[in-house]
Amino acid sequence: MIRLKNLSAGYIKKPVIEKVTMEFEPGKVTVLVGPNGSGKSTLLKAALGLLPAMEGEVLYDDVDIRRLKRRQIARAAAFLSQSRNTPSIRALQMVLHGRFPYLSYPRYYGKEDYEAARRAMDATGSRPYENTNITCLSGGQRQGVYLAMALAQDTRTVFMDEPTTYLDISHQFGLMQTAKALAREGKAVVLVLHDISLALREGDRVGVFQEGRLLCFDTPGAVYQKGVMEQVFGVAIHRMDTPHGTQYYCTPKEAGDALFSPIY
């Protein structure tokens with residue numbers, strides 16, 4: 001399990017997140033929400049050791065991340081980042097990059113690496129274009145390839161930063177089904193999302209951030225009852241029970257309110 005204890009991190013000696021304490025439980029989907037610039041992506045990078053802690057600790061099974069080598073971290077946690085380069089490479093070759101933590105240099109892929117890569121592509125629906133150059137794929141198809149690369153890494157924790165970018169509604173549902181399936185396998189899945197309704201509906205735990213601070217970390221029902229999201233996002237959030245489970249949707253707080261201030 002990965003735990004953050006009073007974690008502060010940021011850039012050029014300026015903290016972006018401050019004194020965050022939370023844990024990512026195996027078998028659970030944790031969703032992080034908050035306005036742009038509230039520290040969600042910074043938190044993921046700090047949890048992966050890509051940003052050093054200014055204060056506090058990041059613990060992997062109670063071991064301080066500063067005592068771990070990059071290969072050890074990469075075998076414990078995978079990361080689907082928000083922005084990525086698009087090299088001219090076949091999709092399968094891109095997914096095989098997820099096997100790097102298990103290979104020595106020079107890298108030679110074995111049978112088990114190809115099997116892991118193809119299983120990951122099956123899980124994300126990207127197997128049909130394994131021999132297609134990813135520069136020829138749509139944004140949504142590329143996202144499936146990058147997710148498969150993260151899954152091929154075969155880690156206990158999977159971090160995804162805004163993974164629904166470029167995905168249409170059908171593929172958003174598919175991604176969340178994949179996240180749930182990974183959790184059922186016992187993995188800890190951590191998602192940064194901007195869709196409040198999706199976060200409340202699909203998350204097992206929801207963390208709400210504002211200006212670098214974790215305001216609330218609880219079950220979706222408890223977060224809804226506390227009204228923290230309404231306070232942070234300035235919208236009204238509604239809940240209703242349906243034959244398909246509890247659903248959430250947002251409206252402006254007051255009828256006729258503008259969502260954006262006029263720009264002059």
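The largest cavity of this structure, which is a predicted model, has a volume of about 30 Å³. One cavity of 30 Å³ or more is present in the structure. Its lining is formed by L200, V223, Y224, G227, M229, E230 and I237. Two helical elements, α8 (220-226) and α9 (228-233), each contribute at least two residues to this lining. By residue class, the lining of the largest cavity comprises five nonpolar residues, one polar residue and one charged residue.

Open space was examined next. The largest pocket has a volume of about 330 Å³. Two or more residues of its lining are given by each of α2 (70-76), β6 (77-80) and α5. Of these elements, β6 supplies the largest share of the lining, namely four residues. In total, 19 residues line the largest pocket, and L50, A77, A78, F79 and Q153 are those that lie nearest its centre. The lining of the largest pocket divides into 13 nonpolar, four polar and two charged residues.

The loop between α5 (139-152) and β7 (157-161) contains T155. With a relative accessibility of 3%, T155 is classed as buried, because this value is under 20%. The side chain of T155 has a polar atom 3.3 Å from the backbone nitrogen of A78, a residue that is also among those nearest the centre of the largest pocket. A polar atom of the T155 side chain also lies 2.7 Å from the backbone oxygen of T157. When neighbours within four places in sequence are left aside, the contacts of T155 are with A74, R75, A76, A77, A78 and K187.

T157 itself is placed in strand β7. A relative accessible area of 5% makes T157 buried. Beyond residues up to four places away in sequence, T157 touches I2, A76, A77, A78 and A188. Residues A76, A77 and A78 thus appear among the contacts of T155 and also among those of T157.

Backbone geometry was considered for two residues. Most residues other than glycine have a negative phi. D154, by contrast, has a phi near 55°, a positive value in a residue other than glycine. D154 lies in the loop between α5 and β7, the loop that also holds T155. The relative accessible area of D154 is 49%, and D154 is therefore partly exposed, as the value is not over the 50% required of an exposed residue. E162 likewise has a positive phi, near 50°, and is a residue other than glycine. The position of E162 is in the loop between β7 and α6 (169-184). At 15% relative accessibility, E162 is counted as buried, whereas D154 is partly exposed.

A proline in another loop was also characterised. P87 is located between β6 and α3 (91-96), in the loop that joins these elements. P87 has a relative accessible area of 33% and is partly exposed, since this value falls between the limits of 20% and 50%. Not counting residues up to four places away in sequence, P87 touches M94, N133, I134, T135 and Y146. The C-alpha atom of P87 is separated by 13 Å from that of Q143, although the two residues are 56 residues apart along the chain.

Cysteine residues were examined last. Zero disulfides were found in a search of the whole structure. C216 is accordingly in no disulfide, and the nearest cysteine sulfur to that of C216 belongs to C250, 16 Å away. A disulfide would require the two sulfur atoms to be within 2.5 Å, so the C216 and C250 pair does not qualify. C216 counts as buried, at 5% relative accessibility. C136, in contrast, is exposed, because its relative accessible area of 60% is over 50%.

Technical notes
Residues numbered from 1 in each chain as written. Predicted model: local features only at pLDDT ≥ 70, side-chain atom pairs only at ≥ 80, totals over all residues. Heavy atoms only, no water. 1 Å grid on protein atoms, 1.4 Å probe; cavity = no way out; pocket = protein on both sides within 12 Å on 5 of 7 lines; lining within 4 Å. Points joined across faces, edges and corners; volume = space filled by probe spheres on them. Nonpolar A, V, L, I, M, F, W, Y, C, P; charged D, E, K, R; others polar. Buried < 20%, exposed > 50% of the residue type's maximum accessible area, 1.4 Å probe, protein only. Polar contact = N/O pair within 3.5 Å; in protein donor to acceptor, adjacent residues only side chain to side chain. Contact = heavy atoms within 4.5 Å.
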